[in-house]
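Q: Could you take a close look with me at one part of this model? I would like to follow the charged side chains and see where they lead us.

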Amino acid sequence: MLVDYHMHLRAHGSASEELDHTAEAVERYVEQARERGVDEIGITEHVYYFRETRDFWSLPYQLERSRAELRDYCDAVLEAKSHGLPVKLGLEVDWVPDRADELAEVLEPYPWDYLIGSVHWIGGLAVDQKPGLWAGSTVEEVWALYARELEAAARSGHFDVLAHPDLVKIFGDRVEWDWQPSIDALDGVALEVSTAGLHKPVGELYPDASLLRGAKRITLASDAHRAEDVGRDFEAAVEHARAAGFETVTVFDGRSSRQEPLG
Ligand SMILES: [Zn+2]
Ligand SMILES: [Zn+2]
């Protein structure tokens, strides 16, 4: 079985990242998945796009976006589900160290199949945009900060999967890194094998084999922001997962998981 468990619904042909939280959009993404041999997709909008979470954000980038309604988003995915489409309801949730429990409470009433945890910003500075965190710190410091937050997110118990687990390598700025403390923090949280990194400056899958090998379970992810990218480069993702010893992929349903044969 192949799943693509990380994507964002955007209007067709939109260069401006215009949201399209509709069952029709889900259908377009499912069609692309079928063409690439992907059996099931999961929709995972960024948590900061929603009015209900607005109080958690401080950056203009986030506040400009927090306008959609969580209920409308969930309803669109549930409607697609009710039409028999192979789609799961997820969300990409930024790690907010000080208020993670409070954010989890805001999200609690909705019928998620799974929640993905992401570390995009640390102390208001971006990991995946420059200058961001990179301006005032050495590469080693940025890696250490990132790993610390990733571990805290894993240990929080709020997430089923961690997104793009070694995002910190995005620009190709790297140091020798021991991922063992991060692996120890996972305790059953899945890592996604993400093809998005192939299209970033680093030009590699997330995560490195040294981190991936420590995971107990995995998902596959394109991080598509348009239908055309669903299931992109999944041959490489499956090969990377197999090389790290994985024979199964995780399937989520109502925040429970099971394993299915990979491929
Ligand atoms: Zn992300
Ligand atoms: Zn994403």
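Is E102 buried, partly exposed or exposed, and what is its relative accessibility?

A: Happy to walk through this with you, keeping in mind that this is a predicted model. E102 counts as partly exposed because its relative accessibility is 39%, a value between the 20% and 50% cut-offs. Its side chain meets that of R99 in a salt bridge, 2.8 Å from N to O. R99 counts as partly exposed too, at 23% relative accessibility.

That pair is part of a wider picture, for the structure holds 23 salt bridges. Let us visit some others. The side chains of R148 and E149 meet at 3.7 Å, N to O. Here the two partners sit differently: R148 is exposed, with a relative accessible area of 52%, whereas E149 is buried at 10%. In another salt bridge, R232 meets D229 at 3.6 Å, N to O. R232 counts as partly exposed, with 24% relative accessibility, while D229 is buried, with a relative accessible area of 10%. Salt bridges can also be linked: D166, K169, R174, E204 and D208 belong to a network of them.

Now for a charged residue without such a partner. E192, in strand β8 (residues 190–194), is buried yet has no salt bridge. The nearest side chain of opposite charge is that of K200, and it is 11 Å away. What the side chain of E192 does have is a polar contact with the side chain of H6, at 3.0 Å.

Acidic side chains also gather on the surface. E24, E27, E31, E35 and E79 form a negative patch there. Helix α1 (residues 23–35) supplies the largest share of this patch, 4 residues. E79 is placed in helix α3 (residues 70–82) and counts as partly exposed, because its relative accessibility is 37%.

Two aspartates deserve a look for their backbone. D187, in the loop between α6 (180–186) and β8, has a positive phi of about 45° although it is not a glycine. D223 likewise is not a glycine, and its phi is positive at about 55°; this residue is found in the loop between β9 (218–221) and α8 (234–243). Their surroundings contrast: D187 counts as exposed at 72% relative accessibility, but D223 counts as buried at 15%.

The loop between β9 and α8 also holds V230, which is buried with a relative accessible area of 0%. The C-alpha atoms of V230 and Y5 are separated by 9.6 Å, although these residues are 225 apart along the chain.

Let us finish with the loop between β8 and α7 (209–212), where H199 has its place. H199 counts as partly exposed, at 41% relative accessibility. From C-alpha to C-alpha, H199 is 18 Å from R36, a residue 163 positions away in sequence. P207 lies in the loop between β8 and α7 as well, and a cis peptide bond joins Y206 to P207, with omega about -10°. Another cis peptide bond joins K130 and P131, with omega about 5°; P131 lies in the loop between β6 (125–126) and α5 (139–155).

Notes. Residues are numbered from 1 along each chain as its sequence is written. Chains are lettered from A and ligands numbered from 1 in the order in which they are written. This is a predicted model: local features need pLDDT of at least 70, side-chain atom pairs count only at pLDDT 80 or more; totals for chains, interfaces and linings use all residues. Side-chain values use heavy atoms; hydrogens and water are left out. Patches are made of residues with over 30% relative accessible area and no salt bridge: like charges are joined within 9 Å, nonpolar side chains (Val, Leu, Ile, Met, Phe, Trp, Tyr) within 5 Å. Accessible areas come from the Shrake-Rupley method with a 1.4 Å probe; for residues, only the protein chains shown count as cover. A salt bridge is a side-chain nitrogen of Lys or Arg within 4 Å of a carboxyl oxygen of Asp or Glu. Lys and Arg count as positive and Asp and Glu as negative; His and the chain ends are not counted. The place of a charge is taken as NZ of Lys, CZ of Arg, CG of Asp or CD of Glu. Buried means under 20% relative accessible area, exposed over 50%, partly exposed in between (1.4 Å probe, protein chains only). A polar contact is a pair of N or O atoms within 3.5 Å; within protein, one must be able to donate a hydrogen and the other to accept it, and residues adjacent in sequence count only if both atoms are side-chain atoms.
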